[in-house]
Amino acid sequence: MSTFHQDIEATIPALRRYARALTRDAEIADDLVQDALVRALRSEHLFHGGDVRSWLYTIMTNLNRNRLRSLARRPVMTPIDDNDAPDAAGPEAGGRDIERALALLVDEQRTALLLVVLEGLTYREVAEVQGVPIGTVMSRLARARVQIKAYLDGERPALRRIK
Amino acid sequence: MVDNNTPVTEDELHVYVDGELPADRCEAVEVWLSNHPDDAARVAAWRAQAEAIRARYGGVVDEPVPDRLTLQRITRKQRSWGTVAAAAAVAAFLVGGIAGWMARGASAAAPGEVGLFTAEALGAHRLYIGEVRHPIEVKAGEKHLLPWLSRRVGTTLRAPDLGAFDLKLLGGRLLPGVNGPAALFMYESASGERFTIYCSRLNAPRSAFRYDSNNNFGAVHWIEGGYGWVVSGPMDKPRLKSIANAAYDQIESRTSPTTRSEADQLISRRGS
């Protein structure tokens, strides 16, 4: 197996994690990973060195944006659980809240935040993945954090329990 | 040289939380935080968010990778698609890998009605040329293709014959556009290259041919009688230009050579 393939293979678990957080749906996430891998392998001859991992994150980020764009053409759906009874407390409740908070973010902000805090990319790497200056990455991060905080503070008081 | 007495900015707090602050400044930030409880609370909240995200999704890396995501499986599948898929594969890569770049270019352009319209057309082009199995909704051979799309889009549509360019009509699909329903016709060459023609209502004045290119895709668009048309394909301006000319002539039923050369002049004047 070539180094290129080995590098890709080694990144698959992290890609799945990133995809899961991006989509918050295990099936869609793995579809996205599959798409990204297919594209990466097909275009091996177009890869001119550099960091395979960043390149895969870039492909995945773009694929997800395409996916969201095609969703955006449909009517906007409001999450049905907005008016539902509050979640039972428990270890899962916190997880679902952060999930909802992420769902409310604009795609670019969510992507920037996840790449930094979940995938451990540097600001510079995220800037390359998103194709924007570092300053833009930072303002996306800042906005993401403000919004998540507002959501967790305001609408989900039970959440304060999460550390 | 970093002055440890400089007030800490919010940006720095983020950099600090994400571990990218130079060590010599960290200490100053920590002192600052001990004197500024509001900032300290924010920093704590951001850290808690990051931890919640990691707690929620971090475990995914320990899950066994499903079979369908192993490289072995994926490479096997690819081979079985054979060489016909090669051209489509390149196109698919462009969709995935280069889309970001393209989107950057697109968003840098002034939005406006026409910009939005061509962005939609290019988006549809990018999305559907990458489809190996379902590039279209209704095949070229089906009689209702044109009546159906014409009815939905609201004008009599023709799918131009591009046989002279070695392009065969695969079929078409209906799409939601910015101003209402849009039609997309897809053409394919023997080598698997794909071109699309997109049409939808567009409330903008009549315009001559304009050429836009975004990295690896090019598009020629024009507006006529309240409808916009976009011919998209690989970034090959002379070829796209001739295809757009032929399409225009057939669509607008103007076959006189005068129109063609007028269009030629327009495109060379405005399209660079």
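# Exercises on a two-chain model

**Exercise 1.** Given that 18 C-beta neighbours lie inside 10 Å of Arg24(A), decide whether Arg24(A) counts as buried, partly exposed or exposed, then place Arg24(A) in chain A and describe its phi.

*Solution.* The structure is a predicted model, in which local features need pLDDT of at least 70 and side-chain atom pairs count only at pLDDT 80 or more, while totals for chains, interfaces and linings use all residues. Residues are numbered from 1 along each chain as its sequence is written, and chains are lettered from A and ligands numbered from 1 in the order in which they are written.

Step 1: a residue is buried if 20 or more other C-beta atoms (placed from the backbone) lie within 10 Å of its own, exposed if 12 or fewer, and partly exposed in between, so Arg24(A), with its 18 neighbours, counts as partly exposed.

Step 2: Arg24(A) belongs to the loop between helix 1 and helix 2 of chain A, where helices (H or I, at least four residues) and strands (E, at least two) are DSSP runs numbered from the N terminus.

Step 3: although Arg24(A) is not a glycine, its phi is positive, at about 55°. Most residues other than glycine have a negative phi.

**Exercise 2.** Carry out the analysis of Exercise 1 for Asp166(B), stating its phi, its place in chain B and its exposure.

*Solution.* Step 1: Asp166(B), another residue that is not glycine, has a positive phi near 65°.

Step 2: the loop that holds Asp166(B) runs between helix 7 and strand 2 of chain B.

Step 3: with 12 other C-beta atoms within 10 Å, Asp166(B) is exposed.

**Exercise 3.** Work out the strand order of the sheet in chain B and identify the strands that stand at its edges.

*Solution.* Step 1: the sheet is open and antiparallel, its 7 strands following the order 1-2-3-4-7-6-5; two strands pair if DSSP finds at least two bridges between them.

Step 2: strand 1 (138–139) and strand 5 (207–214) of chain B each have a single partner strand, so one side of each lacks a neighbour in the sheet.

Step 3: inside the sheet, strand 2 (residues 167–177) and strand 3 (residues 180–189) of chain B are joined by 10 bridges in the antiparallel sense, and Gly172(B) faces Phe185(B) of strand 3.

**Exercise 4.** Characterise the largest nonpolar core and the elements of chain B that supply it.

*Solution.* Step 1: a nonpolar core is a set of buried Ala, Val, Leu, Ile, Met, Phe, Trp, Tyr and Cys residues joined through C-beta atoms within 7 Å, and the largest such set has 45 residues, with Leu184(B), Cys199(B) and Val231(B) making the most contacts inside it.

Step 2: among the elements of chain B that each supply at least two residues are helix 6 (112–129), helix 7 (145–153), strand 2 and strand 3.

Step 3: two residues are in contact if their C-beta atoms, placed from the backbone, lie within 7 Å; beyond its neighbours within four places in sequence, Cys199(B) touches residues including Val153(B), Leu157(B) and Trp229(B).

Step 4: a second, separate core of 42 residues includes Ile8(A), Ala112(A), Leu115(A) and Leu152(A).

**Exercise 5.** Determine how many residues each chain brings to the contact between chain A and chain B.

*Solution.* Step 1: chain A brings 48 residues and chain B brings 41 residues.

Step 2: on the side of chain A that touches chain B, helix 1 of chain A gives the largest share, 10 residues.
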